[in-house]
Amino acid sequence: MNNYSVLINVISALLGSLYIVFYFKSICDFRLTLKRSLAFIAAFALLNGIISSLTNTVAAKPILLIVLSMGLIKGILKAPIVQAFLSFALYAIGLAIGNALFPVLIPNQTVATTFANPLLLLAGNLFCNLMVFIIFLLVKPTKKYIKKIGHSDKFLLLLTAATIVVLCTTFAMHLYSSNFGKHFYLITALISISYCIFIILMWFNALRRVIRDEDLKQQKFYNESLRSTLFELRRFRHDWINNLTVIASMIKMNKTDELRQYVGELIDQCSNRINTQIYDIKNAGLFGILSSKINLAAEKGITVSMNIMGEVEDIPGIKISELCEVIGIFMDNAIEETASGDKSISVNIKNGDSFIEISISNSCTTVPDMQKIYLDGYSSKGPDRGMGLAIAKKILSNYKNVLHITTYEDNIFTQTIEIANKKG
């Protein structure tokens, strides 16, 4: 084995050690000191690079590398055995994918000719490390995705990952052996293609199920919003039938003064509780959540003033169910805060050409800590509260097209959501 191949393998292992350190610091949130990180990088690079270069026994090399790497990760980085295995497994998967793809890019090459050419060996190692780098970059978004999907989809995701490893390993075998004939590769290819088709069909089935579940969720939400709106209309109709009955009775009894007083009270009541601008909201979900919260505020003696510029119907770029959940949280907090204060809330909605802006303002009896208001469990009202704003922040953080601004000025606390309109 030439010195240059040892050096190239050491450099390749050095890059791999950097990926593993990145995995534990950025993905697993390990607190690794600089001294411990450097010690691991040096040990991993030297030992893995030398063993990869000097060990000629194909069967022994993987076993030695796994045992050695697991020992270094657990011993120096003090990582749990499961995390140690997972980090090295990701590293091995990246190398397997690289070994499978590199011969496709550089055809008509054997292991002997690859090792005999320093530039080709360096290119192969760098390409494999590029695959490892991509694998480690995908870990964090994949981890977030796995948390959102169901158990059956998690199994499907793991099955797909295992399939990729098996396929890459199978196609990489020709790098280590020239004894396989065309029939072997033909059978392997047919099995692999059939297996891939099976996995693709399973993924399509899972995707249809996700779309169907999302449609059902949205339909359920709209049905609940419509039910709430119809309930309010029925209550409004019932109240006015009673009011008209009283008015008709007063007219029959010719009680003009009482009639004038009663009608005046009804007019005052309507002025305080009904803001016709809410009917500029054509979106059933947003209309339903705001009308229900306005009625809740009215029951507590709180006046909600509304100012709507432009009709609001389509709200692109955000799930209406999640938007209404956030609006509900903001309104609940405003109602709770103003119940013992000046009993007034302001809702402003603007439908611009390129954005939709929703702003909810209320006075504050206590000055909020703007650095802590979104911490889970923090509340100026006492313990075991304050989860709402943390939930709202988590929901809105999933949308890059949504700008969320919180301000406190002159005892007025304001929550503003600006949603970029895809039509703009």
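A nonpolar patch, as the word is used here, gathers Val, Leu, Ile, Met, Phe, Trp or Tyr residues whose side chains are joined within 5 Å, each with over 30% relative accessible area and no salt bridge (like charges are joined within 9 Å instead). The areas behind that come from the Shrake-Rupley method with a 1.4 Å probe, and for residues only the protein chains shown count as cover.

Before the tour, a word on what you're looking at. This is a predicted model, where local features need pLDDT of at least 70 and side-chain atom pairs count only at pLDDT 80 or more, while totals for chains, interfaces and linings use all residues. Residues are numbered from 1 along each chain as its sequence is written, and side-chain values use heavy atoms, with hydrogens and water left out.

## The nonpolar patch

Phe-22, Leu-130, Phe-133, Ile-134, Leu-137 and Leu-138 together make a nonpolar surface patch of about 500 Å². Helix α6 (residues 118-148) gives the largest share, five residues. Phe-22 sits in helix α1 (residues 3-27). Helices here are DSSP runs (H or I, at least four residues), strands are E runs of at least two, and both are numbered from the N terminus. How buried or exposed is Phe-22? It counts as partly exposed because its relative accessibility is 33%; the scale calls a residue buried under 20% relative accessible area, exposed over 50%, and partly exposed in between (1.4 Å probe, protein chains only).

## Two helices side by side

Now look at helix α10 (residues 284-299) and helix α11 (residues 320-338). Their axes come within 9 Å and cross at roughly 15°. Axes are lines fitted to C-alpha atoms, for helices over the stretch in contact, with angles running from 0 to 180 degrees between N-to-C directions. So α10 and α11 are roughly parallel to each other, a label for angles under 35 degrees (over 145 is roughly antiparallel, 65 to 115 roughly perpendicular, and the rest oblique). The crossing of α10 past α11 is right-handed, meaning the near helix is turned clockwise from the far one by less than a right angle, where anticlockwise would make it left-handed.

A few residues help you find your way around this pair. Met-331 belongs to helix α11 and is buried, with a relative accessible area of 0%. Ala-298 is in helix α10 and is partly exposed at 23% relative accessible area.

## Salt bridges

How many salt bridges does the structure hold? There are two, where a salt bridge is a side-chain nitrogen of Lys or Arg within 4 Å of a carboxyl oxygen of Asp or Glu.

One ties the helix pair together on paper: Lys-293 forms a salt bridge with Asp-332, the closest N and O atoms being 2.8 Å apart. This pair links distant parts of the chain, with Lys-293 in helix α10 and Asp-332 in helix α11, 39 residues apart. Lys-293 is buried, with a relative accessible area of 14%, whereas Asp-332 counts as partly exposed at 31%.

The other joins the side chains of Asp-257 and Arg-260, at 3.2 Å from N to O. Both residues lie in helix α9 (residues 256-273), three residues apart, about one turn of the helix. Asp-257 is exposed, and Arg-260 is too.

## Far in sequence, closer looks in space

Here are some C-alpha pairs with their separations along the chain and in space.

| Pair | Apart in sequence | C-alpha to C-alpha |
|---|---|---|
| Ile-356 and Ile-419 | 63 residues | 5.1 Å |
| Ala-96 and Met-131 | 35 residues | 8.8 Å |
| Met-331 and Leu-296 | 35 residues | 9.8 Å |
| Ala-298 and Ser-344 | 46 residues | 10.0 Å |

Ile-356 is part of strand β3 (residues 355-363) and is buried at 1% relative accessible area. Ala-96 comes from helix α4 (residues 81-105), and is buried as well, with a relative accessible area of 14%.

## A loop with positive phi

Last stop: which loop holds Asp-410? It's the one between β4 (402-409) and β5 (412-420), and Asn-411 lies in the loop between β4 and β5 too. Asp-410 has a positive phi of about 55° although it is not a glycine. For Asn-411, also not a glycine, phi is positive at about 65°. Asp-410 counts as exposed at 68% relative accessibility, and Asn-411 is partly exposed, with a relative accessible area of 46%.
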